[in-house]
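Subject: Structure for your review

Dear colleague,

Please find below the structure that I am handing over to you. I would be grateful if you read the notes beneath it with the model open.

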Amino acid sequence: MRVKSKWHKTQVKTIEDIGGAMAFICWRITKNHLEDLINEGFVIEKEQVFDVIAEYLCFLIQSIDRLIFKTLNTKQRQELINKLAKQSAFYYQENKTDRIVEGNHWKAFINTYNQRSKDYSDYEFIGNEPDYHFLRYFAEKVKSAMTDVDEKWIVQQMIEIQAPKAFKKISASVDDLVSVDNIISKTEQIKLKEEKIPRSKRKSTRSDLKILP
């Protein structure tokens, strides 16, 4: 799947467009970070992979929610995060079904996301970045999802390296995706398409053209 992470600022985009693109970027960041952790020698067993994935996605979505607070109005923000969470749950369901086992993974992810949303609300952003406690909570959840052999090192790795790196990437993507001239709803987009007059039905602006009898 090819999804743009940056658009021309003169474009008009819907919340669904932006949410879908952000969900894909979150998934790509998470996948890359799993590879980073494995390359660093951390042990992530097969059954633990998707627990770590869920924690990464929740961290990234919560970061996005804070980053768009001053850019989008309340309704747009709610619609975007809703779209982002649902699309992330779809990726989670699809990939876990393919790689592990069939099941209602979509619901399991949403349940985790709802709990993490509640928990992250206790922590703050300072200077438009997550504070230490925000990062620490994320690190502790990743530690809980991984094997005990790495529990002494994973929290420090997450707080000092992985979490800041993931946040920097998603922050840049958020800036690019919401910096367009106009953000509209799907309903508004459909209405605009319906009101658009087809080229074949437009009146000619040339005065020298006459219709022969």
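The notes below describe the fold, the confidence, the core and the pockets.

The model is a predicted one, and confidence is therefore the proper place to begin. The mean pLDDT of the protein is 83, with 78% of its residues at 70 or more. Among the elements, helix 4 (residues 105–120) has the highest confidence, at a mean of 97, whereas helix 7 (residues 186–195) has the lowest, at 54. Two stretches call for caution in reading. Over residues 1–10 the pLDDT stays under 50, although the model has 25 contacts there beyond four places in sequence. The pLDDT is also below 50 over residues 209–213, a stretch with one contact in the model beyond near neighbours in sequence.

As to the fold, the protein contains seven helices and four strands. Read from the N terminus, the order of the elements is β-α-α-α-α-β-β-α-α-β-α. Of its 213 residues, 44% count as buried. Among contacts with a separation of 6 or more, 71% join residues that are 24 or more positions apart.

Which residues have the most contacts inside the largest nonpolar core? They are Met-22, Phe-59, Ile-64, Phe-109 and Ile-170, in a core of 59 residues. Helix 1 (15–39), helix 2 (49–67), helix 3 (74–99), helix 4, helix 5 (132–145) and helix 6 (154–178) each give two or more residues to this core. As a general point, nonpolar side chains tend to be buried together in soluble globular proteins. Ile-170 is a useful residue to display: leaving aside residues up to four places away in sequence, Ile-170 touches Ile-25, Cys-26, Ile-29, Leu-60, Ser-63 and Ile-64.

Is Ile-18, a residue of helix 1, buried or exposed? Ile-18 counts as buried because its relative accessibility is 0%, and the cut-off for buried is under 20%. Ile-18 also shows how the chain brings separated positions together: Ile-18 and Val-174 are 156 residues apart in sequence, yet their C-alpha atoms are 8.9 Å apart in space.

Two pockets complete the account. The largest pocket holds about 300 Å³ of space. Its lining has 14 residues, and those nearest the centre are Lys-31, Leu-34, Val-49, Ile-53 and Arg-99. Helix 1, helix 2 and helix 3 each give two or more residues to this lining, and helix 1 has the largest share, with six. By class, the lining has eight nonpolar, two polar and four charged residues.

The second largest pocket holds about 200 Å³. Among the residues that line this pocket are Arg-66, Phe-69, Asn-128, Ser-171 and Val-174. Helix 2 and helix 6 each supply at least two lining residues, and helix 6 gives the most, with four. The lining divides into five nonpolar, three polar and three charged residues.

One residue of this second lining, Asn-128, deserves a separate look. Asn-128 is found in the loop between strand 2 (125–126) and strand 3 (129–130). The phi angle of Asn-128 is near 65 degrees, which is a positive value in a residue other than glycine.

Yours sincerely,
A colleague

Methods:
Residues numbered from 1 in each chain as written. Predicted model: local features only at pLDDT ≥ 70, side-chain atom pairs only at ≥ 80, totals over all residues. Heavy atoms only, no water. pLDDT = per-residue confidence, 0-100. Contact = heavy atoms within 4.5 Å. Core = buried A, V, L, I, M, F, W, Y, C linked by side-chain atoms within 4.5 Å. Buried < 20%, exposed > 50% of the residue type's maximum accessible area, 1.4 Å probe, protein only. 1 Å grid on protein atoms, 1.4 Å probe; cavity = no way out; pocket = protein on both sides within 12 Å on 5 of 7 lines; lining within 4 Å. Points joined across faces, edges and corners; volume = space filled by probe spheres on them. Nonpolar A, V, L, I, M, F, W, Y, C, P; charged D, E, K, R; others polar.
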